[in-house]
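Visitor: I would like to learn how to read a protein model feature by feature. Could you walk me through one?

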Amino acid sequence: MQRQFTDLYLIVNVSLMEMFLRRADANAMHMRVVVGKPERQTPSLSATMANVVINPPWGVPPTILKKDVLPGLQKSGKKYLDKKGLRVYDQEGKRIQASAINAKNYRRYNYKQAPGDDNALGYVKFNLPNKWDIYLHDTPHREDFVKRFRALSSGCIRL
């Protein structure tokens, strides 16, 4: 982990499930956050924020695809995709129907969720380039912030 910080930086204490915006060695902002659940823990990392995306679309990452989307597809097919607001596309950008997806070919496709009220990333995404594809983002599940135990995400930090 990085030991020297600039005058302005964010630090997320994963164990406390809290985020601090630090300016000149003082807390400028503090908030409760949601971090990775025990089986998908948020890794320790240091990254420079690349950009901020307002109303971001969401592309389903590999771990969530395998552990959440595939079982949902196998159980409910199109109903699962509709409930989650997911659309599936091939490598050329052509839309794929749920009936064409199975456990052998599901990795060939891109699963996307359009921006909006139910988008998994909420209204703001803070990109932090890192090998785990972990970033900070808003969430439509604001009710989680009042909970004592907030290790509920798939690894990203919800704020």
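Guide: Gladly. Let us begin with a term: two strands count as a pair if DSSP finds at least two bridges between them. Keep in mind that this is a predicted model.

Visitor: How many bridges join strand β2 to strand β3, and how do the two strands run?

Guide: As background, strands of a sheet pair through backbone hydrogen bonds, either parallel or antiparallel. Here β2 (residues 18-23) and β3 (residues 26-32) run antiparallel and are joined by 6 bridges. To follow the register, find Phe-20, which stands opposite His-30 in β3, and Glu-18, which stands opposite Arg-32 in β3.

Visitor: What should I look for in the turn of that hairpin?

Guide: Look at the backbone angles. There are 2 residues between β2 and β3, and Ala-24 takes a positive phi near 50 degrees.

Visitor: Which strand pairs with β1?

Guide: β1 (residues 8-13) pairs with β2, again in the antiparallel sense, over 6 bridges. Val-12 stands opposite Met-19 in β2. These two strands also form a hairpin, with 4 residues between them, and Met-17 in the turn has a positive phi of about 60 degrees.

Visitor: Why is β2 described as largely enclosed by the rest of the structure?

Guide: The reasoning rests on a cut-off: buried means under 20% relative accessible area. Of the 6 residues of β2, 5 are buried, so the strand is largely enclosed by the rest of the structure.

Visitor: What is the strand order in the open sheet?

Guide: The order is β6-β9-β7-β8, with antiparallel pairing of the 4 strands. β6 and β8 (95-96) have a single partner strand each and stand at the edges, so one side of each is left without a neighbour in the sheet. Further in, β7 and β9 are joined by 4 bridges, and the bridge partner of Arg-87 is Lys-112 in β9.

Visitor: Now the helices. How can I check the length of helix α1?

Guide: Compare an expected span with the one in the model. The 15 residues of α1 (residues 62-76), at 1.5 Å a residue, should span 21 Å, and the end C-alpha atoms are 20 Å apart, which agrees.

Visitor: Where does α1 kink?

Guide: The kink, of about 35 degrees, lies at Val-69, shortly before the proline Pro-71. Just after the helix, Gly-77 takes a positive phi of about 55 degrees.

Visitor: Which residues of α1 are buried?

Guide: The general idea comes first: an α-helix has 3.6 residues a turn, so residues three or four places apart point the same way. In α1 the buried residues are Ile-64, Leu-65, Val-69, Leu-70, Gly-72 and Leu-73. Their cover includes β6 (58-59), α2 (78-84), β7 (86-89) and β9 (110-113).

Visitor: Which residues touch the most other members in the largest nonpolar core?

Guide: They are Val-60, Val-69, Ile-101 and Tyr-111, in a core of 30 residues. α1, α2 and β7 are the elements that give two or more residues to this core, and the largest share, 5 residues, comes from α1. You can trace one member: leaving out residues up to four places away in sequence, Val-60 touches Leu-65, Val-69, Leu-86 and Tyr-111.

Visitor: Is Phe-145 buried or exposed?

Guide: Phe-145 has a relative accessible area of 15% and is buried, although this residue is found in the loop between β11 (136-137) and β12 (151-153). Apart from neighbours within four places in sequence, its contacts are Arg-32, Val-33, Val-34, Thr-139, Arg-150, Arg-158 and Leu-159. The C-alpha atoms of Phe-145 and Val-60 are separated by 23 Å, with the two positions 85 residues apart along the chain counted as their separation.

Visitor: What does the whole protein look like in numbers?

Guide: The protein has 2 helices and 13 strands, and its C-alpha atoms fill a box of roughly 55 × 35 × 25 Å along the principal axes. Of the 159 residues, 37% are buried. The exposed area is about 10,200 Å², with 51% of it supplied by carbon and sulfur atoms. Among contacts between residues at least 6 apart in sequence, 50% join residues at least 24 apart.

Conventions
Residues numbered from 1 in each chain as written. Predicted model: local features only at pLDDT ≥ 70, side-chain atom pairs only at ≥ 80, totals over all residues. Heavy atoms only, no water. Expected span 1.5 Å × (residues − 1). Bend = angle between axes of the 7 residues up to and from the residue. Buried < 20%, exposed > 50% of the residue type's maximum accessible area, 1.4 Å probe, protein only. Contact = heavy atoms within 4.5 Å. Core = buried A, V, L, I, M, F, W, Y, C linked by side-chain atoms within 4.5 Å. Areas by Shrake-Rupley, 256 points an atom, 1.4 Å probe, with all protein chains shown as cover.
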